[in-house]
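Visitor: Could you walk me through this model, please?
Guide: Gladly; here it is.
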There are 2 protein chains.
Amino acid sequence: VAELPACERLRARVADVVDLRGAGFLLTWDQATHMPPGGAPARARQIALLRQLAHERFVDPEVGRLLAAAEAEVAGLPADDVEAALVRVTRRDYERETAIPASFTRRFFHHMAASYQTWTEARPADDVQRVVPLLEETLDLSRTLAGYLGPADHVADPLIARADHGFTVAALRPLFARLREALVPLARRVAACEPPDDAFLRRGYPLGAQFAFALARAAEFGYDLRRGRLDPTHHPFAIEFSIDDVRITTRGREDDLREALFCTFHESGHGMYHQGLDGRFEATLLADGASAGVHESQSRMWENRVGRSHAFWSYAFPKLRSEFPEQLADVELDDFHRAVNVVRPGTIRTRADELTYDLHVIVRFELELELLEGRLAVRDLPDAWQARYADVVGLEASSHRDGVLQDVHWFSREIGGAFQGYTIGNVLAAQFWDAAVREYPTIPDDIGRGDFAPLHGWTQRRIHRLGRVHDPLDLIARVTGGPIDPAPYLAYLHDKYGALYRLETGDGADPPP
Amino acid sequence: VAELPACERLRARVADVVDLRGAGFLLTWDQATHMPPGGAPARARQIALLRQLAHERFVDPEVGRLLAAAEAEVAGLPADDVEAALVRVTRRDYERETAIPASFTRRFFHHMAASYQTWTEARPADDVQRVVPLLEETLDLSRTLAGYLGPADHVADPLIARADHGFTVAALRPLFARLREALVPLARRVAACEPPDDAFLRRGYPLGAQFAFALARAAEFGYDLRRGRLDPTHHPFAIEFSIDDVRITTRGREDDLREALFCTFHESGHGMYHQGLDGRFEATLLADGASAGVHESQSRMWENRVGRSHAFWSYAFPKLRSEFPEQLADVELDDFHRAVNVVRPGTIRTRADELTYDLHVIVRFELELELLEGRLAVRDLPDAWQARYADVVGLEASSHRDGVLQDVHWFSREIGGAFQGYTIGNVLAAQFWDAAVREYPTIPDDIGRGDFAPLHGWTQRRIHRLGRVHDPLDLIARVTGGPIDPAPYLAYLHDKYGALYRLETGDGADPPP
C-alpha cells in the first residue's frame, strides 16, 4: 500500500466516518435495549449530531480530491482487487451522499420525524385519514430524492439501488410476478388443509430460558460471543460497531416459543455476516454486506433453511425438551417440526410464515411502484391495500391499523427501496444453499449432527469475508454460477410444504418447470 | 434570553460539545458493562475520536469570540445569575482547554496508554522497577501540565483546581493534618478492640438478589429509574449522558454482602446529584457537580451517613432478612449494624472502612505533593509508600502490588488532583448533613421510617439543582454558613465509633475541641 499514498490518505479520512457511524450505532443499540425512557430527547440529539458529523466529514471536498487521486492510483488494477474495490465503493457512496443537498436532508428528516410521531398516534386510533397528507408529502420527497440520486429508467430504481445495487424495477418485476404466480396457488392449497397442532408451543415458556437456548444454538451456528452479544428489544435487529463487535437482539413471548427462537436465529445470520468480514476491512466502506438482499439471504438461511428444518431439530429438539421437560413431555420431533412450520395466512407481515411471507412483500412492492409512478393516489392507497391483500394473500385486514398503517417503513423513511430486499434474500438463500450443498454434500447430515461449521465456513469464505468487494450481481454470479433465479426457492417451498401437508402432486404442489 | 444573542449562540455551540461528551460517555459505559472483549480496539478509537471532536469544537476560535461578546452581555448581572454563571464556567473551561497544546495532549495520552498497559502487567508480577521510569515520565508530564494551566503558589494547585476549583495546597494541608492527628489515634484505639462478628455477611448471597435489594433502596433514596439504571461492572462508577439519563454501576461478592450494598448506595448518591440538576442546564457546562469533592459528599452521605446508620437499618434490615431468610435468620439488627461498620485497618484503599478511609487518601496526597515538589524521587517512592503506611495506617503492605502499585490513578492520569476530592467529600458530607438536620430535625427519624424524601429534597434544592452556578467555596458557604471544616466530620466519627466500640471517653475517643 506504500505505493498508493492517496488510497492510504483516503482510508484514514474515511476511517473516522466509519467510526463515527459505529459510535452512532451504539447510541441506537442502547436506545433500543437498555436506555431508560428519560434518555430519549438527548439521545435523539446525539444520534443526529453524530450522523451530521459523519456526513460532514464524508462530503468534505478533500475526500473528493483524494478519491480522484486514488482512482488514478488503482486505474490499472483488476476490479476485484481490494484497493480498487475500496475506491469504487467509496466513490459510489460519495456520489450518493454529495448528490443530496443539505437543505433537502433537513427537510426530509424533519418531515419524517413528524410523520413517525403522527403514525404512532394514528395507528392505535385506526385513523388513516390523518396520515394521508403526510404520506403525500413523503411520496413527493421520495420522488425528489430519487431525482437527486440520478437518472434512471424507473423512478424507484435509484432508491432500490441504494439498498440493492444492480437491481432494477425491470429485473424485479418478472421475478416477483413469477413468485406471485407460484406462491398464491400453493399457499391456498396449504391453507385449505387441516393445520398441524401447535398448541404445545403456547404452554408457557420462561423467557430467560428461551433466550439462553436460542443463543446457545446461534453460538453453535457460528455467531461469536466474544465479538457479540444478545439483548431483548421490541423490534429485533442486528447492528455493528466494528467487525469485532456485532450485536444481535431478539424478543420473545412466554406463550409462543417460536418468537424468540426464530428472531434469534434470523439475527444471528445477519450477525455472522458482519463478524465474518475480512479483518483488513475494519473501518473502511468495504466492511458491510454486499447488499440488503444478500444480507437477508444469510438471516433467512439460518432462520428457515437451517432453523426450521427437520435435520436441525433432529439434533436440537432433544436439547429443547430437556430444557422444557414439562411443556414438551408429550411432544415428538415430527410434531414439533410441523408446528414450527405451520402455515396460517394472515394480514401481518412480521408474523407471516415462510410460505406466505413473500406475498406480503409483493403487495408492498407493487403498491410502492404504483404510487411512485403516479398510477395510484395516496388517498386511494388504503382501499388499494385491502383489495390487493384480498387478491394476493386471500384475506383483508379487519382495520387499517393492520392494513396500510401496519409497517413503520412508509412513516419513517422514503417510499421505495425498503421491501424488495426481504424477498431477494429468500430467493438467494435457496440459491446459496444449493451452491453450498453442491460443494459440500454432507451439509444436511452435518446439521443433523449439530455440526454447523461446514455451512458457516462456506458462507464465510464465499460471501462474508468479501464484504462489498464484489458488486451484488457479480457476487451472486460467482457464488451460484448465474443470475438471481427463483426456481431453487420455489422448488424448495414446493418440496417442503408438499411433504409437510402431504399434498398430492399436480395442481400447485409440483415445482414449476 | 432574546436580548443576549451572543449567550444564545454560545449555548448552541457548546451544546454540541456537551452532547459529544455525553455520546462518548455512553461508549465508556458500554465498554465497562456490556461490551464483548472483541470490541476493545474499535472502542478505544471511537472514544478517542469523540473526545478529539469535542475538544476541536470547544477550542474553535469562534467560541473565544462568542465568549468575549457574551461576557460583555452579562457584565452587569450578579454572579449568581444563571446566564452570568454559564459564561463564567464556560470561560474557565475554555481557558483550561485552550491552554494545553495539542502536541502535549497527544504525547500525554500516548504515554498514559503505555503506562497503563505496563501497569496491568507489572502489578500482578509485583514488578515495581518496571514502572519507575514510566512514573518518572508521568511526573515530568504532570509538572508540565500544571505549568500550562497557569501560575500558582504550588505546583499541585492547578491540578487540584481542575477537580476542586478554589482548593489549594495551602488550604488542604492543615485540613488533612488535622484529620491525620485525630484519626490515627482513634483508628488505633478501635483497632485494638475485639472486632464485632461479621461472619454472617459471608454466608453466600446470590448476586441478583443483592443487586435488586440495593437498587430498590437506591430508588427509595430518590435515584430515579425512569432516568437511570444499574448494571454490574468491575470498578463501579456513575456516568451521565444527559440530565435525564444518569446511570450507576455496581459490583458484588456472593461471599460479602457489603460490596453490592455500599457500592450501589455510593453510586446512587452521585447519580442523584446529576439527576437533580436544573433541567434548564441540559447540554450546557452548568450541568455538572460543583466540584469533585462536593460530588463525593453526596455519594458518601448516602453510602455512610444514611447507608451505614442504625436508623436506616432499623427500616431496611427486616426487608433484607425477608430477602435472605436463611442467611440472616439468627442475626439481629444491632449485630448487623455493627457488622457493616466493622473497622479492620488494611492496606487497600478501596476496601477500607469509613474510619480509616481518609488515612489512605492522606498517604497518597502527601506523597503526591512531595513528588511534585521534587522532595521525593520516584525511585524512592515504593519504600516511602511502605514507611508512610506504617506511620499513618499502622501497617505495611506485604507486596508492592498492594502498595505503590495498588491504584490505577498514577498509571493512567497525571499525578496530583485526583485524591483530595475523596476526603473533601467526607468532610463536606458531615457539614451538609448537619445543615440539613438543622433545617429539618426530623430527618434521622424519617430515615428510620424509610422516608428519604426530606433529605433527598434538601440536597436537591440546596446543592443538586444548582449545578455549577456557584463556585464550590461559595456553595459550601451558602449551604453550611461557613468554610470547609473538619470538626463536624470528626465529631461524627468519634461519636459513632465511640458508641459502636464502647470506647471510654478521653484518650482519643472525645471529639477534638
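**A sheet and a helix pair**

Guide: Let us start in chain B, where Leu230(B) has Ile248(B), in strand 3 of chain B, as its bridge partner. This is a predicted model, in which local features need pLDDT of at least 70, side-chain atom pairs count only at pLDDT 80 or more, and totals for chains, interfaces and linings use all residues. Residues are numbered from 1 along each chain as its sequence is written, chains are lettered from A and ligands numbered from 1 in the order in which they are written, and side-chain values use heavy atoms, without hydrogens and water.

Visitor: What makes strand 1 and strand 3 of chain B a pair?
Guide: Two strands pair if DSSP finds at least two bridges between them. Strand 1 and strand 3 (residues 245-250) of chain B have three bridges, in the parallel sense, so they pair. Strands here are DSSP runs of E, at least two residues, and helices are runs of H or I, at least four, numbered from the N terminus.

Visitor: Why do strand 1 and strand 2 of chain B stand at the edges?
Guide: The open sheet of chain B has the order 1-3-2, with mixed pairing. Strand 1 (230-232) and strand 2 (238-242) each have a single partner strand, so one side of each is left without a neighbour in the sheet.

Visitor: How do you know which residues of helix 15 and helix 17 of chain A meet?
Guide: Contact means heavy atoms within 4.5 Å. Among the residues that meet are Val361(A) and Phe365(A) in helix 15, and Tyr422(A) and Asn426(A) in helix 17.
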